[in-house]
Amino acid sequence: MSFKDSIHLNTKLGYFEGEIPVNYQYTLGVAGNIFFKTLMEKDEFIASECSECGTKTIYPLIYCEECFAPIEKYVPIGLVGELYSYTHCYYDYQGIRHEKPHVLGLVRFKGVQGGIVHRIEVKPEELKIGMKVGAKLKPKNERNGGIDDIIHFEKV
Ligand SMILES: [Zn+2]
């Protein structure tokens, strides 16, 4: 078989239909664990704060994105932020149309880089970029340390 023949073999690739079971466990990482544990137990968001340059970030990090210094300080930033942007979603992630569109928004926090993308529960006529929104959390006994501990953000 020549080199040229082997190139043509690429057209004879086959595939098998079916499913491959993939069992995995996604970890939140060091800072993610601190974030969700704090949210679950203390009803507040935390940001990482760089001791070198002072940059605060949500979701928290273990290394500063600005100066690459290791981060060991995490500070509470409350549950209220500002609606930075939003969109109306007519379909869920499986492609099924919602009866009425959901609003997803990016919520940012004063003096903090990054933000949280989550469902926004505000009347359409009241939606406004820059409005104050606060996280509505599940009751403590129903939380599991994940993003769905936040039900949605609502007007405050
Ligand atoms: Zn830094």
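Which residue in β2 does Ser48 stand opposite? It's Thr57, and we'll come back to that pair after a quick tour. What you're looking at is a predicted model, where local features need pLDDT of at least 70, side-chain atom pairs count only at pLDDT 80 or more, and totals for chains, interfaces and linings use all residues. Residues are numbered from 1 along each chain as its sequence is written.

Start with the overall layout. The protein has two helices and nine strands, in the order α-α-β-β-β-β-β-β-β-β-β from the N terminus on. Helices (H or I, at least four residues) and strands (E, at least two) are DSSP runs, numbered from the N terminus. The radius of gyration, taken over C-alpha atoms, is 22 Å, well over the 15 Å that the globule rule (2.2 Å times the number of residues to the power 0.38) gives for 156 residues, so the protein is more spread out than a compact globule. Just 16% of those 156 residues count as buried, meaning that 20 or more other C-beta atoms, placed from the backbone, lie within 10 Å of the residue's own.

Now zoom in on β1 (residues 45-49). Five of its five residues are buried, so this strand is largely enclosed by the rest of the structure. In a regular strand the side chains alternate between the two faces of the sheet. Here Phe45, Ala47 and Glu49 lie on one side, Ile46 and Ser48 on the other, and both faces are covered.

β1 has antiparallel partners, where pairing takes at least two DSSP bridges between strands. With β3 (residues 73-78) there are five bridges, and Ala47 stands opposite Val75. With β2 (residues 56-58) there are two bridges, and this is where Ser48 meets Thr57. β1 and β2 form a hairpin with six residues between them, and Gly54 in the turn has a positive phi of about 85 degrees.

β1 also feeds the largest nonpolar core, which has 12 residues, including Phe35, Phe45, Ile46 and Ala47. Such a core is a set of buried Ala, Val, Leu, Ile, Met, Phe, Trp, Tyr and Cys residues joined through C-beta atoms within 7 Å. The elements giving two or more residues to this one are α2 (29-42) and β1. A second, separate core of seven residues includes Leu83, Val107, Val133 and Ala135.

Finally, the barrel: five strands close up as β4-β5-β7-β9-β8, with mixed pairing. Within it, β5 (residues 97-108) and β7 (residues 116-121) pair in the antiparallel sense over four bridges, with Leu106 opposite Val117.
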